[in-house]
Amino acid sequence: MTAKPATPRRKTAPAKTKAETGAKPKGRSKAEQRAESLEQMLDAAEDLFSKHGMYGVTLKDVAQKIGVHTSLMHYYFKDKQDLFEQVVKRRAPITIGRRVEAMKRYAAETGDHPTVEGALRAFLDTDLDLYIEGGEGWRNYGALGGQLNNTPVWGAELMWANFDPVVLQLIDLLKKAMPDAAEEDIFWGYHFVTGALTLSLARTGRIDHLSGGLCQSEDFEAIKARMARFMAGGFVAICQQRANERKAAADE
């Protein structure tokens, strides 16, 4: 009996790709696209506000910087004030959270014996690390913070609303470090600290010019290496001097 020839197996065709079938590949969701658009707008606005201030920037300027129609800006923001406030609030919780945690750790480590320099390092160095490590976006935010701290018309209330609690946490640490200091002297000391910090964050290029390039406004590592110790020396000198004056007056 003659065997029947084997029936050849039919080859299975490879599955067609979505491109071959005409099916659209799955892309980002609308929510992801909106989030990305919002971040682009905030980045662009942050850059422009840091250079020109709130009054020097329009919604149209921001739209043109990222290549969108101004009407899209109005979809996300009520007006320029709303945009400005959202720029400020976007990064504030990050810098505040880092400093709060740094000061909590320092307080736990030192108990009833913190030092002025240690408290300032927890507050200043932790913030400066963001501008060292965080790239141009964070440096723009720092420059914008410098404007906020020096502009009573549109900056003061935003500073109060966002940054007062973390500053008062530092004040409490400084009071513990200098129990004999008058409260007013501690607040004046902080006033001088925040002035130096915000001037440094503004990156004006003034020190570059004065030093003939020996010092650079962009050199946050150099600022971090010096600022806390410099400010601590001033704090201690002023508070001790004033305490001695009060004691001498009481002894008369």
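**Note on an all-helical predicted model**

1. Helix 7 is mostly covered, with 11 of its 13 residues buried. The structure is a predicted model, and the statements below should be read accordingly. The buried residues of helix 7 are Trp138, Arg139, Asn140, Tyr141, Gly142, Ala143, Leu144, Gly145, Gly146, Gln147 and Leu148. Their cover includes helix 2, helix 5, helix 6, helix 8 (156-177), helix 9 (183-202) and helix 11. The geometry of helix 7 (residues 136-148) can be checked against its length: at 1.5 Å a residue, its 13 residues should span 18 Å, and its end C-alpha atoms are 18 Å apart, which agrees.

2. On the overall fold, the secondary structure of the protein chain comes to 11 helices and 0 strands. Of the 252 residues in the protein chain, 38% are buried. Among contacts with a separation of 6 or more, 69% are between residues 24 or more positions apart. The protein chain exposes about 15,700 Å², and carbon and sulfur atoms supply 56% of that area.

3. The largest nonpolar core has 62 residues. Within this core, the residues with the most contacts are Phe49, Leu83, Phe84, Leu120 and Phe235. Helix 5 (residues 80-110) contributes the largest share, 10 residues. As general background, nonpolar side chains tend to be buried together in soluble globular proteins.

4. Phe235 merits a closer look. What does Phe235 contact, leaving aside its neighbours within four places in sequence? The list is Val116, Leu120, Leu174, Met178, Asp185, Ile186, Gly189, Tyr190 and Val193. Two of these residues, Val116 and Leu120, are also touched by Ala232, which in addition touches Glu117, again not counting residues up to four places away in sequence.

5. Ala232 is found in helix 11. Is Ala232 buried or exposed? Its relative accessibility is 7%, and the cut-off for burial is under 20%, so Ala232 counts as buried. Ala232 and Val193 are 39 residues apart in sequence, while their C-alpha atoms are 9.2 Å apart in space.

6. A nonpolar patch on the surface is made by Trp188, Phe192 and Ile238, and its area is about 310 Å². Ile238 lies in helix 11 (residues 220-251). With a relative accessible area of 36%, Ile238 falls between the 20% and 50% limits and is therefore partly exposed.

7. The count of salt bridges comes to 19. Side chains of opposite charge can pair when their charged atoms come close. In one such pair, Arg91 forms a salt bridge with Glu46, and the closest N and O atoms are 2.7 Å apart. Arg91 lies in helix 5 and Glu46 in helix 2 (residues 30-52), so the pair ties together parts that are 45 residues apart in sequence. Arg91 and Glu46 are both buried. The two residues also belong to a network of salt bridges that links Glu39, Asp43, Glu46, Arg90 and Arg91.

8. Arg229 forms a salt bridge with Glu117, with 3.2 Å between the closest N and O atoms. Because Arg229 lies in helix 11 and Glu117 in helix 6 (residues 116-133), this pair ties together parts that are 112 residues apart in sequence. Arg229 has a relative accessible area of 56%, and the cut-off for exposure is over 50%, so Arg229 is exposed. Glu117 is also among the residues touched by Ala232.

9. A further salt bridge lies within one helix. Asp251 pairs with Lys247, the closest N and O atoms being 3.3 Å apart. Both residues lie in helix 11, 4 residues apart, about one turn of the helix. Asp251 and Lys247 are both exposed.

10. One backbone angle should be noted. Most residues other than glycine have a negative phi. Phi of Arg203, however, is near 50°, a positive value in a residue other than glycine. Where does Arg203 lie? Arg203 is in the loop between helix 9 and helix 10 (206-210). Its relative accessible area is 16%, and Arg203 is buried.

Key:
Residues are numbered from 1 along each chain as its sequence is written. This is a predicted model: local features need pLDDT of at least 70, side-chain atom pairs count only at pLDDT 80 or more; totals for chains, interfaces and linings use all residues. Side-chain values use heavy atoms; hydrogens and water are left out. A nonpolar core is a set of buried Ala, Val, Leu, Ile, Met, Phe, Trp, Tyr and Cys residues joined through side-chain atoms within 4.5 Å. Buried means under 20% relative accessible area, exposed over 50%, partly exposed in between (1.4 Å probe, protein chains only). Helices (H or I, at least four residues) and strands (E, at least two) are DSSP runs, numbered from the N terminus. Contact means heavy atoms within 4.5 Å. Patches are made of residues with over 30% relative accessible area and no salt bridge: like charges are joined within 9 Å, nonpolar side chains (Val, Leu, Ile, Met, Phe, Trp, Tyr) within 5 Å. Accessible areas come from the Shrake-Rupley method with a 1.4 Å probe; for residues, only the protein chains shown count as cover. A salt bridge is a side-chain nitrogen of Lys or Arg within 4 Å of a carboxyl oxygen of Asp or Glu. The expected span of a helix is 1.5 Å times one less than its number of residues.
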